[in-house]
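This briefing covers confidence, pockets, one helix and a few individual residues. Please read it alongside the sequence and the model.

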Amino acid sequence: MDDLTDAVPGYTMLPCEGRGADIHLATAGERVRGAMQAVQFVMILPRGDVETILDAVAARCPRRQIAYWIEPVEEFGRLI
């Protein structure tokens, strides 16, 4: 993601686990836990930039089990 800084002005990265019937557990540790290690990225960006980001992530990510969703943001700001 660091090489996408021009397209993504900032993001939050959260460690997480993926679970579900369609998830492929690649490592022995994942099979023991019953969950796939994953990272969730949270980004606030213009709707027009979404396709660029998705294409870049798909080209750079070795794991193909990538899920995403889009939610409208009513307001975004920072308390300083």
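How many nonpolar, polar and charged residues are in the lining of the second largest pocket? That lining divides into 6 nonpolar, 2 polar and 1 charged residues. The model is predicted, and its mean pLDDT is 83.

**Confidence**

- A pLDDT of at least 70 is reached by 90% of the residues.
- Strand β1, residues 12–18, has the highest confidence, at 88.
- Helix α1, residues 28–33, has the lowest, with a mean of 82.

**Second largest pocket**

- The volume of the second largest pocket is about 160 Å³.
- Its lining is made up of P9, G10, Y11, T12, V42, M43, I44, F76 and R78.

**Largest pocket**

- The largest pocket holds about 1300 Å³ of space.
- It is lined by 34 residues, and those closest to its centre are Q40, F41, I66, A67 and Y68.
- Strands β1 and β2 (36–42) and helix α2 are the elements that each supply two or more residues to this lining.
- Strand β2 provides the largest share, with 7 residues.
- Sorted by class, the lining of the largest pocket contains 25 nonpolar residues, 4 polar ones and 5 charged ones.

**Helix α2**

- Helix α2 spans residues 50–60, and its buried residues are V50, I53 and A56.
- Viewed down the axis of α2, these buried residues fit within an arc of 135°, so they line one face of the helix.
- In general, an α-helix has 3.6 residues a turn, so residues three or four places apart point the same way.
- The exposed residues E51 and A59 sit on the face of α2 that is turned away from its buried side.
- L54 is also part of helix α2.
- L54 counts as partly exposed because its relative accessibility is 24%, between the cut-offs of 20% for buried and 50% for exposed.
- From L54 to Y68 the C-alpha separation is 8.8 Å, with their positions 14 residues apart along the chain.

**A38 in strand β2**

- A38 belongs to strand β2.
- Its relative accessibility is 23%, so A38 is classed as partly exposed.
- Beyond residues up to four places away in sequence, A38 touches L14, P15, C16 and G18.
- One of these contacts, P15, is 23 residues from A38 in sequence, while their C-alpha atoms are 6.1 Å apart in space.

**A26 and E30**

- A26 lies in the loop between β1 and α1, whereas E30 is found in helix α1.
- A26 is partly exposed, because its relative accessible area is 42%.
- E30 has a relative accessible area of 2%, so this charged residue is buried, the cut-off being under 20%.
- Apart from residues up to four places away in sequence, A26 touches R31 and R63.
- With neighbours within four places in sequence set aside, E30 is in contact with H24, L25, A35, M36, Q37 and R63.
- R63 is thus named among the contacts of A26 and among those of E30.
- Q37, one of the contacts of E30, is 11 residues from A26 in sequence and 9.5 Å from A26 in space, C-alpha to C-alpha.

Definitions and conventions
Residues numbered from 1 in each chain as written. Predicted model: local features only at pLDDT ≥ 70, side-chain atom pairs only at ≥ 80, totals over all residues. Heavy atoms only, no water. Buried < 20%, exposed > 50% of the residue type's maximum accessible area, 1.4 Å probe, protein only. Helix = DSSP H or I, 4+ residues; strand = E, 2+ residues; numbered from the N terminus. Arc of directions from axis to C-beta. pLDDT = per-residue confidence, 0-100. 1 Å grid on protein atoms, 1.4 Å probe; cavity = no way out; pocket = protein on both sides within 12 Å on 5 of 7 lines; lining within 4 Å. Points joined across faces, edges and corners; volume = space filled by probe spheres on them. Contact = heavy atoms within 4.5 Å.
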